Amino acid sequence: MSTNKLRKLLLCISLIGLGAFSCSELDINNPLTYINDKISYEKDIKPIFANRCIDCHSGSSPAGNYNLSSILTIMGNGTDLKPNVIIGSPYSLLLMKIIIGDDNHREWIGSEENTQKLYKWIVEDSLSISEPIVHLAGPMDVDSPNFHGQDIRNKAWSMESCKLCHGTDYNGGSSEGSCNKCHDPNPEECTTCHGFGMLDNHLGAPPPDLSNNIETSFRGVGAHTIHMTEGDNSDGIECESCHIVPQNLYDDGHIFSEEPAEVVFSYLAHNLGAEPIWDTETLTCKDVYCHGNFPSGNKENAPKWTGFDPNPPSCSPACHQFPPVGKTRTGFKHSPSVSQCWYCHSNLDNKYNFIDKSTHINGIIER
Ligand code: HEC
Ligand code: HEC
Ligand code: HEC
Ligand code: HEC
Ligand code: HEC
Ligand code: HEC
């Protein structure tokens, strides 16, 4: 069904439900034409919520975890992580709740006119407000509960509501306060929320994690850096090896998914049919190709994400014995007494250093 059709249907359902209109009386191409003026938050919407909703939806534990007493909380989320109002969207939960009439919400809105106003305000009028709202003290004080970063966290990391006053390009808009003077090129840049930018590791992985921890004992930090940077045995791997990497802030599975961050292994960890597991109880990785799950490797190896050794163990016995025991992928068996690996593995020099680290733990055996 097209968005338009669904939207008309939803309106019809709502109107019939309220007994005020029948669908045939509605100009379904433009059901809202009779409300000419722009809906205003202060004049039209705030009184509806104040009279009909905030008895249940305000205070320290509002119904559905959703507070309808200020424009900033209205734009936040309730029981799930998605904001309940998405500018321009007829699917905004705030609207759906009324139109579908969950519980007694269709009655609680009071009248069909109120539903129409709410619809027009969200879908057509971009949540228009007529009086500027000035932030509570301290949007720039990192230690204040009103720090703007904290405010964004509280909104499940959505910055949609900021755009209302700070502009769709974050360049200031009606507030005349540009986000981009501090966030280059704008706050949706990955490193606004991830890592120290270029300082610790090249792509902005934690640390710090999303709670600003930097010690490797926190699961959000863990062994990110050692995976992302060059070490003795590898030149590092990319985020894609362990996560589905979003292209944009609002991509599916990114900020609107449940915590913690999803670990989704790429082909490398699955090499040779391995079925890698990120164990969220023990915080270990099991059955990962990279850590020994290959024919002659140490299949039991389960390195701990938060307990890693800054001087990683030599290859033996962590990932494979020296030389490996048992048959390799092609059925080859190393002689147990062999020690000069470089005779056959040309990527090692005679001091056991990799000549090209990018070819170790890449899924292919170089000989
Ligand atoms: C008598 C109490 C009561 C009144 C009045 C009330 N609600 Fe609710 N509302 C609830 C309860 C309880 C829930 C949580 C259960 C649910 O989701 O149905 C809820 C949930 C919601 C949600 C979903 C929140 C989320 O994110 O899960 C929205 C949106 C909502 N209400 C909007 C409104 C609006 C708009 C009004 C005023 C027209 C209103 N409510 C009036 C009790 C009320
Ligand atoms: C209703 C309008 C409105 C909304 C919504 C809004 N702001 Fe603002 N913001 C302003 C105005 C007006 C100012 C300038 C006056 C002031 O400092 O209070 C401002 C100032 C700021 C400042 C200080 C800028 C500086 O240069 O010192 C920050 C930071 C900020 N806002 C962040 C945010 C964030 C983050 C959001 C979204 C969560 C947001 N704002 C949503 C209106 C808004
Ligand atoms: C005057 C400079 C300045 C302005 C203007 C500004 N920010 Fe920030 N922002 C900062 C600083 C400083 C931090 C904290 C960095 C840190 O914690 O390391 C930050 C942090 C953030 C974070 C990350 C929060 C976290 O805890 O990781 C987000 C998201 C963000 N800002 C969005 C915005 C948005 C959206 C606007 C505009 C509405 C804005 N900022 C305006 C300086 C600014
Ligand atoms: C070797 C695998 C691996 C690589 C590579 C990796 N991550 Fe992670 N990442 C993890 C694990 C494991 C967690 C912890 C998940 C959990 O808490 O269940 C995690 C968690 C996270 C978190 C959540 C932090 C928090 O505070 O909860 C973010 C954000 C993140 N990674 C971003 C990245 C980015 C960006 C990159 C690339 C620059 C990257 N990761 C590379 C394994 C990896
Ligand atoms: C406004 C803050 C913010 C910005 C900007 C941001 N992220 Fe995230 N990112 C998060 C949060 C919050 C999570 C944890 C989501 C969860 O718990 O599932 C996350 C998780 C991740 C993860 C771990 C996998 C996952 O989705 O859970 C990766 C990888 C990642 N982000 C990469 C990026 C990239 C690449 C960009 C830039 C295109 C980016 N992020 C921009 C807040 C942000
Ligand atoms: C006589 C030649 C020879 C020597 C010496 C040798 N290897 Fe190998 N190695 C091979 C062959 C052949 C394979 C199998 C390639 C295949 O199956 O595709 C192999 C495979 C491997 C593998 C992959 C095992 C698997 O199951 O996929 C590792 C790890 C390895 N060797 C380590 C070593 C180490 C460490 C040394 C030195 C102690 C060493 N090799 C010495 C010939 C040698």
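Which helices each supply at least two residues of the shell around ligand 1? They are α4 (93–101) and α5 (105–108). Keep this pair in mind as you look through the close-ups below, all drawn from a predicted model.

**View 1. The surroundings of ligand 1.** Welcome to the first site, where 21 residues stand around ligand 1. Those that come nearest are Cys 53, Cys 56, Ala 63, Gly 64 and Gly 78. Helix α4 gives the most to this shell, with four residues. Sorted by class, the shell around ligand 1 holds 10 nonpolar, six polar and five charged residues.

**View 2. The largest nonpolar core.** Here you can look into a core of 24 residues, the largest nonpolar one in the model. Val 85, Leu 95, Leu 118, Trp 121 and Ile 122 have the most contacts inside it. Several helices take part: α2 (41–52), α3 (71–74), α4, α6 (112–124) and α8 (160–166) each supply at least two residues of this core. Once again you meet α4, which gives the most to this core, with five residues. To follow one residue, try Ile 122: beyond its neighbours within four places in sequence, Ile 122 is in contact with Val 85, Ser 92, Leu 94, Leu 95 and Leu 127.

**View 3. A second core.** Separate from the core in the previous view, this one has 10 residues. Among them are Cys 242, Cys 285, Cys 290 and Trp 305.

**View 4. Helix α6 from end to end.** This helix has 13 residues and reaches 17 Å from its first C-alpha to its last, close to the 18 Å expected at 1.5 Å a residue. Its buried residues are Asn 114, Thr 115, Gln 116, Lys 117, Leu 118, Tyr 119, Trp 121 and Ile 122. Just past the end of α6, look for Ser 126, which takes a positive phi of about 50 degrees.

**View 5. The surroundings of ligand 4.** Around ligand 4 you will find 25 residues. The closest are Asp 209, Leu 210, Gly 220, Cys 239 and Cys 242; Cys 242 also belongs to the second core. Helix α10 (residues 224–228) gives the most to this shell, with three residues. By class, the shell around ligand 4 has 13 nonpolar, 10 polar and two charged residues.

**View 6. The surroundings of ligand 6.** Our last stop shows 20 residues around ligand 6. Ser 296, Thr 328, Thr 330, Cys 341 and Cys 344 come nearest. This shell divides into 11 nonpolar, eight polar and one charged.

Notes: Residues numbered from 1 in each chain as written. Chains lettered and ligands numbered in written order. Predicted model: local features only at pLDDT ≥ 70, side-chain atom pairs only at ≥ 80, totals over all residues. Near = placed C-beta within 6 Å. Nonpolar A, V, L, I, M, F, W, Y, C, P; charged D, E, K, R; others polar. Core = buried A, V, L, I, M, F, W, Y, C linked by C-beta atoms within 7 Å. Buried ≥ 20, exposed ≤ 12 C-beta atoms within 10 Å, placed from the backbone. Contact = placed C-beta atoms within 7 Å. Expected span 1.5 Å × (residues − 1).
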